[in-house]
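Visitor: Could you take me on a close look at the part of this model that sits around the DNA? I would be glad to see how the rest of the assembly fits with it.

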There are 2 protein chains.
Amino acid sequence: MSSERSAKRSGRRPGPTTTREAIAAAARRQFAELGYDRATLRGIAGEAGVDAALVVRFYGSKDGLFQEVMALPPAVAEAMAGLADGPRATVGRRLAEVIVGMLENPQSRSIVLGRIRSASSHPDAAALVRELVTRDVGRLVAALTDDEPETRAGLVGSQVVGLALARHVVRVEPLASLPAADVIDYLAPTFQHYLVEPLR
Amino acid sequence: MSSERSAKRSGRRPGPTTTREAIAAAARRQFAELGYDRATLRGIAGEAGVDAALVVRFYGSKDGLFQEVMALPPAVAEAMAGLADGPRATVGRRLAEVIVGMLENPQSRSIVLGRIRSASSHPDAAALVRELVTRDVGRLVAALTDDEPETRAGLVGSQVVGLALARHVVRVEPLASLPAADVIDYLAPTFQHYLVEPLR
DNA sequence: TGATAAAGTCAACGCTTGTTGATATCAACG
DNA sequence: CGTTGATATCAACAAGCGTTGACTTTATCA
């Protein structure tokens, strides 16, 4: 019905609208909104305008789809790692800006929310959240201090996933409706403390 | 509906091992470990040693079972509200003690984890988490300050659910293996800040 | 005792899920 | 033309789910 093949072969660099990508986008949206269990192959395929069997043909299985579609865009990981270069006295605020910004952008929010929302029921998703904390946050902390860096990364990560859950999943008010700038103001001191101040 | 047989055999006041309670205990355990979707009536009934139909007969439906079994024991709510009475300079630490303690005790941990783990997929569970934050944490904050108490409660709540998720669901190391006393030390300044210090 | 209601089991229902194999469509290329 | 390989649909599968109604067992009490 809606097969838009305007430019199929020509050298479109970012390859904008292949069917495969339409499926990936629909999958990200539904995994983020419903979690792994409630998101169904039929629902995802329907949103992408194709048959469920085609999803399996492309991605092998529902698990394969989830894994492939929930890869964190490298830009976020780089942004976090780059934070260690700036002034140490304001690193907490800059991290808050990156985190809140990541949750405002629809693309990266889908991925992070999909991971967190699915972590409760899908072991692979839990592993992806663990990786987010230990690897991406961990790299930043390791560049900042030698004093219990893994513990600090875990504390930062706990506040990150807690914010995502409270603000975007459970929608605790007024936290859910607060402007991003306010949330950054509120979180900055906490991150600053977890990152560089004496822990106890 | 729930005809309470006050004394059927002898005057057992705490009535420890009725079939109904065995089902409730199994349900709490499985909701906390698997989340609402992955926990099944057949699995819960099996752990309690009865047939799945009996669970429905007692609790009406899976939703009814969840709601009835996930009620927060009043002791926790009271402990949190009572925190406002002590010295204001250490209220953050005392809250950290209550929160971490609540997550160490198997009974209350099952309830809190069951709520949080199910919040991702079950709207009613999300409402229960919201209630935990706005009502139980909210009461404490309201007794402490008039400066944006709902926002402060939301921030505290976000760190609470984040800790529960990171430490007990996703199991981020070393956070998951840390002694409770250490976690209390680490969280106390954050709670102190969210509760009574100037927010920005 | 027998009546009565609760406690408990059993088999089956309707439905949804992920996955599969057979089949159709269609552009590309010899 | 015909073959090929990717793209896509369709119907069906086996399994698991919550829920239901009929049934048996057990215990209480007039």
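Guide: Happy to, and please keep in mind that this is a predicted model. Around DNA strand C there are 17 residues, and those that come nearest are A:A53, A:S61, B:T19, B:D51 and B:A53. By character, the surface near DNA strand C divides into seven nonpolar, six charged and four polar residues. Three helices each supply at least two residues of that surface: α2 (41-48) and α3 (52-59) of chain A, and α3 (52-59) of chain B.

Since both chains take part here, let us turn to how they are arranged. Chain A superposes on chain B by a rotation of 180° with 0.0 Å of shift along the axis, at an RMSD of 0.0 Å. The two copies are thus related as by a two-fold rotation axis. Within chain A, the residue that comes closest to this axis is A:G162, its C-alpha at 1.7 Å. The copies meet through the same surface, because 100% of the interface residues of chain A are also interface residues in chain B.

Now for a helix pair inside chain A. Helix α6 (residues 91-104) and helix α10 (residues 180-196) of chain A have axes that come within 7 Å and cross at roughly 130°, which makes α6(A) oblique to α10(A). Their crossing is right-handed. On the α6(A) side the contact includes A:V91, A:L95 and A:V100, and on the α10(A) side A:I184, A:L187 and A:F191 are among the residues. Taken together, the residues of this contact divide into 13 nonpolar, three charged and two polar.

How values were computed:
Residues numbered from 1 in each chain as written. Chains lettered and ligands numbered in written order. Predicted model: local features only at pLDDT ≥ 70, side-chain atom pairs only at ≥ 80, totals over all residues. Least-squares fit on C-alpha atoms with pLDDT ≥ 70 in both. Contact = placed C-beta atoms within 7 Å. Near = placed C-beta within 6 Å. Helix = DSSP H or I, 4+ residues; strand = E, 2+ residues; numbered from the N terminus. Nonpolar A, V, L, I, M, F, W, Y, C, P; charged D, E, K, R; others polar. Axes fitted to C-alpha atoms, helices over the stretch in contact; angles between N-to-C directions. Parallel < 35°, antiparallel > 145°, perpendicular 65-115°, else oblique. Left-handed = near helix turned anticlockwise from the far one by under 90°.
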